[in-house]
Amino acid sequence: MSTKGKVKGIIANLVIVEAYGPVSQNEICFISTGSTQLMAEVIKINGQNAYVQVFESTRGVKIDYDVDFAGHLLEVTLGPGILSKNYDGLQNDLDKMDGVFLKRGEYTHPLDPGKKWKFKPLAKAGDVVEAASWLGQVDENGMPHKIMVPFTFKGNYTVKSVVEAGEYTIEDTIAVLLNADKKEVKVTMTQKWPVKMAITAFREKPRPFKLLETGVRTIDTLNPIVEGGTGFIPGPFGAGKTVLQHAISKQAEADIVIVAACGERANEVVEIFTEFPELEDIRTGRKLMERTTIIANTSNMPVAAREASVYTAMTLGEYYRSMGLKVLMLADSTSRWAQALREMSNRLEELPGPDAFPMDLPAIISNFYARAGFVYLKNGETGSITFIGTVSPAGGNLKEPVTESTKKAARCFYALAQQRADSKRYPAVDPIDSYSKYLEYPEFEEYVEEKISDTWISMVNHSKTILLRGKETYEQINILGDDGVPVGYHVTYWKSEVIDFVILQQDAFDAIDQSTPIERQQYMLEHVLRLCDADFSFESFTEVDGYFKRIINLYKQMNYSEFNSEKFNKFEKELQEVLQERIVA
Amino acid sequence: MSSKAFQKIYTKITQITKATCSLKASGIGYDELAVVNGKLAQVVKIIGDTVTLQVFGGTEGIPTNAEVTFLGKSPTIKVSEDLAGRFFNAFGEPIDGGPAVEGEEREIGGPSVNPVRRKQPSELVATGIAGIDLNNTLVSGQKIPFFADPDQPFNQVMAMVALRAKTDKIILGGMGLTNDDYLFYKNVFDNAGALDRIISFVNTTDDPPVERLLVPDMALTAAEYFAVDKNETVLVLLTDMTLFADALSIVSNRMDQIPSKDSMPGSLYSDLAKIYEKAVQFPSGGSITIIAVTTLSGGDITHAIPDNTGYITEGQLFLRRDSDIGKVIVDPFRSLSRLKQLVIGKKTREDHPNVMNTAVRLYADAANAKTKMENGFDLTDYDQRSLDFAKDYSEKLLAIDVNIEIDQMLNTGWELFSKHFRKEEVGIKQELMDKYWKEN
């Protein structure tokens, strides 16, 4: 018998409910407003009063309205059919809703109950299984979607029967298991899981080490992220966070992409809706949308559901990771989620931490990042969730609570610099402030030695040194004047500019330049570093910038041409000739 | 209002602050409107039988025995074609001496558009101002503010943009508009003979500040009527959103909320997003485009209001007085239209993105040269040429008095490139160089 209650107070989307029975923290409840039911989550309990945050507008809610507690936490429904769906933060299928405007209290089924899936059994009678063991497989947009023993099952079970290969709906029983007491338990293709709990049905979580190619040179070459790694992109508005994240989501080498548009612009989500169904995934030949799920809780949608949206996205990611797939999860922007926490903490009249954020913000953020990772499943297969979040620091100041808390949790830091954005040096990732901790992992070094070359890491470090030296030299030139420094200073500065223009800067809107495979990145980096290590002769500083601009121009033409094409080779040849003019043998 | 006769009248107010009052009442809905001593108010908090009301006109002179009646509804506006050409106050009451508008009564601040029912914006909004059309192209369904200091001519530029943009309706939401500025808009629209497609909701500096909170929702509910029901293209002008945010902070302060950055309420981002996200392109052709003004204090964009706005809107436009040419220009460095990628080179000529980027890059070179000059260093020949280019560029393209077609802007760009630079200095794709480079 579920607990009932009545509304006793309303402050914006915080409602105080007098509960006539037991309630649990984070339990879901529904407030009846005549025709509609408003979903809410318990966030504080004080005596008989449950403080609930309502995932909808509370307009018109009155004292003494009836409340029904659901007896479970906020859950997602897992099963085939998640890919290519557009959900709101509570996993309602947005495409199933009627009308142009979102209607309050309209909740839609996240999956397609009537749809038949081609099922193929993977387990057989007599097998001993446990939570997350693979019982069968269906083809979901070309992905092998494993049907697993529900994550909520505890201990070992014996398979009594698994249905034959054939077509089944998500609600059909596909297996019967026997529990320790020899009692029969039926399993379908769908199960539920509370979003705030991590799915931990795997054997171990080692340090991640496999390079995850994103096609973005300033990431892959300079500060690589790995499969199962974590990274974050802080930057002031207009620095290109979203463009960079979209580029990663289009190009990264992942099986599944989950995008949580968390409190950001609706038109940015529309861009994904519009483009992804058209764009092709180069590796599978299918449309990008087929491997993508979007959780859209845009800035004008209810604030409480914003917090839920990132957890919903992470839980879907963990579900696919348990199938042995490579998941890339992006959240734009985690600051909006933190702000949602702040609004609620404020209404609860909690004592505020820095910038009025709740005191436990750092813990909440690091718990969340910790759910990503590379895992060995119990059957020996591997799966991963690579998580990249953006952070929108207030006033572009990186010394604010969300950025600082995230810095402690994430291993890659891609700082977007206003100055680079202003001078249209995109992507505006600052090459000197940014870092990837993975470059220091011996496991990673070993991996790239094999995959790229044994000099790769030293080349990467070398280019970082050149960039830093270039920056220092530039400052000196600015202080002492063009003719106040030796000509060599100008050459040093321009060498770093070559790396900047040719390797770091990338045109996200050019069909060829937008994505660079790692072989090509290697070729170009080696090419540029040969130039940087060479000596040039100049009579006077006035000759230097014009010469290097010619070089950069030719390199850029190479970047715009297909790799190793006739055009590419032509520009490369031309470049060699220009280099011969000044290079000292 | 026939039900009014049966409504209960409360006469015992238990608490009064500058913006709110509380009383004991039952059966009251959250967000509901009430009339307190003849002043309109709205329910902002209910705890047990204590209801707290935000009084829009301020609580001056309200006695503890004032008559309070609840209207049983949240704020509404009556929508119909008759709105066109009319001027209203923040409550939607006519202030032009005309009759009240009849039509369907709609709650303001209604629900959001389902994101999957939106269409990607793709229609160019041409303004003739090169600083906007060339560098920061506007698209229908976009939301973009002017970030300007109070002394800059943003109202003039906004009025110019509104009249040149070919939209079916223009809705002006004026918050804390000075009477002079209000009359300026009225005159400009009148002189242009455009009054019949303009609707205004105006709160002037004479009116109580808390009333402003209703203006954007009034304007946007009217906009939704024309964009959704009539499939029209609607341009909404909101000026000045800084004064709107100030009103928010007054209310939250009176309600004892813990302020976050710059004394603004912690919900500022969501409050502003609810307004700006009403900008939308519908598949049926209707659209709402929002151009707003956020005044800055001394050009500081890190203040919570412009900062939160920047994260919500699709770019921002900066005005700056260029001392080299003595005119106001649209600053190419700090201005940005995020949606321009959807139209430039697609709805406009293929060379648009390259001309735009190259010109801005060369302009940045000029800025560096200028710093060098100011620091007393010798200029190279390139520095000198980029300075000459910058002056031409400001004069012929960035100045807000420029009014030309986009193709002409692009041609001007190429002319300036070849006038001041060598081919290899511009760094544009070879195919485009072959086609558009103008030999001197």
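This text leads through a predicted model, from the contact between two chains to helix packing and then to backbone features.

Chains A and B touch each other: 63 residues of chain A are in contact with 60 residues of chain B. On the side of chain A that touches chain B, the elements giving two or more residues are β1 (4-11), α3 (266-275), α5 (334-347) and α13 (542-560) of chain A. Of these, α13(A) gives the most, with eight residues. By class, the residues on this side of chain A divide into 22 nonpolar, 21 polar and 20 charged.

Helix α13(A) also packs within its own chain. Its partner there is α11(A); the two helices pack at an angle of about 15 degrees, and their axes are 10 Å apart. Angles under 35 degrees count as roughly parallel, and α11(A) and α13(A) are therefore roughly parallel to each other. Their crossing is right-handed. From α11(A), the contact draws on A:Val487, A:His490, A:Val491, A:Trp494, A:Glu497, A:Val498, A:Phe501 and A:Val502. From α13(A) come A:Val544, A:Asp545, A:Phe548, A:Ile551, A:Ile552, A:Tyr555, A:Lys556 and A:Asn559. By class, the contact of α11(A) with α13(A) has eleven nonpolar, two polar and three charged residues.

Helix α11 (residues 487-504) of chain A has a second packing partner to look at. Helix α10 (residues 456-480) of chain A packs with α11(A) at an angle of about 130 degrees, with the axes 8 Å apart. That angle makes α10(A) oblique to α11(A). The crossing in this pair is left-handed. On the α10(A) side, the residues that meet α11(A) include A:Ser463, A:Ile466, A:Leu467, A:Arg469 and A:Gly470. Among those that α11(A) contributes are A:Tyr489, A:Thr492, A:Tyr493, A:Lys495 and A:Ser496. The contact of α10(A) with α11(A) has seven nonpolar, seven polar and four charged residues. A:His490 and A:Glu497 of α11(A) take part in the contact with α10(A), and A:His490 and A:Glu497 also belong to the contact with α13(A).

The backbone of chain A has several features to examine. Most residues other than glycine have a negative phi, and most peptide bonds are trans. A cis peptide bond joins A:Asp332 and A:Ser333, with omega about 5 degrees. A:Ser333 is found in the loop between β21 (326-332) and α5 of chain A, and α5 is one of the elements on the side that touches chain B. Another cis peptide bond joins A:Tyr426 and A:Pro427, where omega is about -10 degrees. A:Pro427 lies in the loop between α8 (418-422) and β25 (435-436) of chain A.

Positive phi values occur on either side of strand β11 (134-140) of chain A. A:Ala132, in the loop between β10 (128-129) and β11 of chain A, has a positive phi of about 80 degrees although it is not a glycine. A:Ala132 is buried, because 22 other C-beta atoms lie within 10 Å. A:Asn141, in the loop between β11 and β12 (143-148) of chain A, is not a glycine either, yet has a positive phi of about 50 degrees. A:Asn141 counts as partly exposed, because it has 18 C-beta neighbours inside 10 Å.

In chain B, helix α4 (residues 215-229) offers a check on helix length. At 1.5 Å a residue, its 15 residues should span 21 Å, and the end C-alpha atoms are 21 Å apart, which agrees. The helix is mostly covered, with 13 of its 15 residues buried. Just after α4(B), B:Asn231 takes a positive phi of about 55 degrees.

Key:
Residues are numbered from 1 along each chain as its sequence is written. Chains are lettered from A and ligands numbered from 1 in the order in which they are written. This is a predicted model: local features need pLDDT of at least 70, side-chain atom pairs count only at pLDDT 80 or more; totals for chains, interfaces and linings use all residues. Axes are lines fitted to C-alpha atoms, for helices over the stretch in contact, and angles run from 0 to 180 degrees between N-to-C directions. Helices (H or I, at least four residues) and strands (E, at least two) are DSSP runs, numbered from the N terminus. Angles under 35 degrees count as roughly parallel, over 145 as roughly antiparallel, 65 to 115 as roughly perpendicular and the rest as oblique. A crossing is left-handed if the near helix is turned anticlockwise from the far one by less than a right angle, and right-handed if clockwise. Two residues are in contact if their C-beta atoms, placed from the backbone, lie within 7 Å. Ala, Val, Leu, Ile, Met, Phe, Trp, Tyr, Cys and Pro count as nonpolar, Asp, Glu, Lys and Arg as charged, and the others, Gly among them, as polar. The expected span of a helix is 1.5 Å times one less than its number of residues. A residue is buried if 20 or more other C-beta atoms lie within 10 Å of its own, exposed if 12 or fewer, and partly exposed in between; C-beta atoms are placed from the backbone.
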